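Me: Please take a close look at the empty space in this model, and then follow the helices that surround it. I would like one connected account, with the cut-offs behind each term.

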Amino acid sequence: MMVRVADVDLYVVDRGSGHPVLLVHGFPLDHSMWDGTIERLARQDGYRVIAPDLRGFGRSSGPNQSKLTMAQLADDLAELLDALKVRQPVTFCGLSMGGYIAWQFWKRHPNRLERLVLCDTRAAADSPEAAQVRLQTAEEVLEQGTAHIAASMVPRLFSERTRREKPQLVEKIQNAMVSTRPETMAAALRGLAEREDFTEYLGRIDVPSLVVCGQYDAISPVDEMRGIAEAMPRARFRVIEGAGHMAPAEDPETFCRVLEEFLATADQRPPPSN
Ligand code: MLT
């Protein structure tokens, strides 16, 4: 369904009832990367699964600006929850760019957050060189379209095994990337290039958290993600064997098992101390 949020219409899948689990996709994708998770989680009693296409991505409208910041995308999600009348704090589950948005959600909307699930993401900002490459890529995408960047990203997104055994998944994700509007891709690249460094905040993020990484993730490697989990006071860390950067999409069975175990056993956040 489409939901009006601020100045855009967001497409959102909203299934089941119970504790709200917000699934936030990576760059430059849409909610369909979570199809395997949505299907499995919605079958369980007790969860409301909410999986939007972020502003400008998938079937959502926008972007209405030349830069999409992680803060704005986090604010859109808080407004989306208002529009859907979700009053209770959510489990925010984000992959990669979805994780960068999760950090901002924690900072800007702490009362709406019960737990965090950080999949194949980073806490560090881009190096100046990496940021420069993103800005250059933004210009290239506007001039040449999205096919080139999609083709260059695919080998880094999946493990060798996934590429060999799940060509339809690889094709589906590549198609989602190619069909992203060049204006959205460029605006998101500019926002990604200037995203905030969260490494200094990690020790203060005290909601129950699950940090998940594909064994062969080439973008947010296992050692880096383990370091994120170790720096967070209430995080547990899980590796999805045989998967790459798109671990939840590459192996939704294992990912959902790990997610459901976390949802069933993680403590709720403690009452605020004053
Ligand atoms: C993603 O999967 O969201 C991207 O790889 C994030 C990034 O480019 O840093």
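Reply: What follows starts with the pocket and moves outward to the cavity, the helix packing and the loops.

The model is predicted, so local features need pLDDT of at least 70 and side-chain atom pairs count only at pLDDT 80 or more, while totals for chains, interfaces and linings use all residues. Residues are numbered from 1 along each chain as its sequence is written, and side-chain values use heavy atoms, with hydrogens and water left out.

Rolling a probe the size of a water molecule over the atoms shows where empty space is left. The search runs on a 1 Å grid over the protein atoms alone: a pocket is an open set of points with protein on both sides within 12 Å along at least five of seven lines, a cavity is a set where a 1.4 Å probe fits but cannot get out, and lining residues have an atom within 4 Å of a point. Grid points are joined across faces, edges and corners, and a volume is the space filled by probe spheres set on them.

The largest pocket holds about 590 Å³ of space. It is lined by 27 residues, of which Phe-27, Arg-134, Met-153, Arg-156 and Ile-219 are the closest to its centre. Two or more lining residues come from each of H3, H4, H5 and helix H8 (182-193), helices being DSSP runs of H or I with at least four residues and strands runs of E with at least two, numbered from the N terminus. H5 contributes the largest share of this lining, with 6 residues. By type, the lining has 14 nonpolar, 7 polar and 6 charged residues; here Ala, Val, Leu, Ile, Met, Phe, Trp, Tyr, Cys and Pro count as nonpolar, Asp, Glu, Lys and Arg as charged, and the others, Gly among them, as polar.

Turning to enclosed space, the structure has 1 cavity of 30 Å³ or more, and the space in the largest cavity is about 40 Å³. Thr-137, Glu-140, Val-141, Gln-144, Gly-145, His-148 and Ile-149 line the largest cavity. Helix H4 (128-144) and helix H5 (147-157) each supply at least two of its lining residues, with H4 giving the most, 4 residues. The cavity lining divides into 2 nonpolar, 4 polar and 1 charged.

H4 also packs against H8, at an angle of about 170° and with the axes 8 Å apart; axes are lines fitted to C-alpha atoms, for helices over the stretch in contact, and angles run from 0 to 180 degrees between N-to-C directions. H4 and H8 are therefore roughly antiparallel, a label for angles over 145 degrees, whereas angles under 35 count as roughly parallel, 65 to 115 as roughly perpendicular and the rest as oblique. Arg-134, Thr-137 and Val-141 are among the H4 residues in this contact, and Met-185, Leu-189 and Arg-190 are among those from H8, contact meaning heavy atoms within 4.5 Å. The residues of the H4 and H8 contact comprise 11 nonpolar, 1 polar and 4 charged.

H3, which also gives residues to the pocket lining, packs against H2 at about 70°, the axes being 8 Å apart. These two helices are therefore roughly perpendicular to each other. The contact includes Leu-73, Leu-77 and Leu-81 of H2 together with Tyr-100, Ile-101 and Phe-105 of H3, and its residues divide into 11 nonpolar, 1 polar and 2 charged.

Most residues other than glycine have a negative phi, and most peptide bonds are trans. Phe-27, listed above among the residues closest to the pocket centre, is joined to Pro-28 by a cis peptide bond, with omega near -10°, and Pro-28 lies in the loop between strand E3 (18-24) and H1. A cis bond also runs from Gly-62 to Pro-63, with omega near 0°, and Pro-63 sits in the loop between strand E4 (46-52) and H2. In the loop between strand E5 (90-95) and H3, Ser-96 has a positive phi of about 55° although it is not a glycine.
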